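Hi,

Here is the structure I promised to pass on. Have a look at it first, and then read my notes below.

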Amino acid sequence: MEVAGFQPFDDHQRYSAGLLHRLAEKAQRVGAQGLITTEKDLVKLGPHADALALPLYGLRMRVETDEAFAGYIVDTVRSWSR
């Protein structure tokens, strides 16, 4: 896959059919073959997906931390309860 463009949105963006239509038109102009969003926003975009001329994909995301950071968080939380 090759990225054809990028359109950032605010956190908690409200999506409308009109906004998605404009986004899909812009994507088609640059030769995109689909739209990609986060899995979280895919839930919000789902009701409008049928109106899109392009397929809509959601990326599953996972947060990972190293052991030292996880230990720091646990130790900090434990210190609050003393």
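Before the details, one term: when I say that two residues touch or are in contact, I mean heavy atoms within 4.5 Å. And please keep in mind that this is a predicted model.

With that meaning of contact, L19 touches F9, Q13 and R14, once residues up to four places away in sequence are left out. L19 also belongs to the largest nonpolar core, a set of 11 residues. The other members are Y15, L20, L23, A24, A27, A32, L35, L45, L52 and L54. Helix 1, which covers residues 17-29, supplies the largest share of this core, with five residues.

Now the overall layout. The chain has three helices and two strands, and from the N terminus on they come in the order α-β-α-β-α. What does the radius of gyration say about the chain, compact globule or more spread out? The value is 19 Å, well over the 12 Å that the globule rule gives for 82 residues, so the chain is more spread out than a compact globule. Along the principal axes, its C-alpha atoms fill a box of roughly 60 × 25 × 20 Å. Of the 82 residues, 16% count as buried. If you take the contacts with a separation of 6 or more, 36% of them are between residues 24 or more positions apart.

Next, the pocket. The largest one holds about 930 Å³ of space. Its lining is made up of 35 residues, and G5, F6, L35, I36 and T37 are the closest to its centre. Helix 1, strand 1, helix 2 (39-45) and strand 2 (56-59) each give two or more residues to that lining. Sorted by class, the lining has 19 nonpolar, nine polar and seven charged residues. L35 turns up twice here, as a member of the largest nonpolar core and among the residues closest to the centre of the largest pocket.

Last, T37, another of those residues closest to the pocket centre. T37 sits in strand 1, residues 35-38. Is T37 buried or exposed? Its relative accessibility is 14%, and since the cut-off for buried is under 20%, T37 counts as buried. Setting aside its neighbours within four places in sequence, T37 is in contact with L42, L45, L56, Y57, G58 and L59. One of these, L45, is also in the largest nonpolar core.

Cheers

Note on methods
Residues numbered from 1 in each chain as written. Predicted model: local features only at pLDDT ≥ 70, side-chain atom pairs only at ≥ 80, totals over all residues. Heavy atoms only, no water. Helix = DSSP H or I, 4+ residues; strand = E, 2+ residues; numbered from the N terminus. Buried < 20%, exposed > 50% of the residue type's maximum accessible area, 1.4 Å probe, protein only. Core = buried A, V, L, I, M, F, W, Y, C linked by side-chain atoms within 4.5 Å. 1 Å grid on protein atoms, 1.4 Å probe; cavity = no way out; pocket = protein on both sides within 12 Å on 5 of 7 lines; lining within 4 Å. Points joined across faces, edges and corners; volume = space filled by probe spheres on them. Nonpolar A, V, L, I, M, F, W, Y, C, P; charged D, E, K, R; others polar. Rg over C-alpha atoms; globule rule 2.2 N^0.38 Å.
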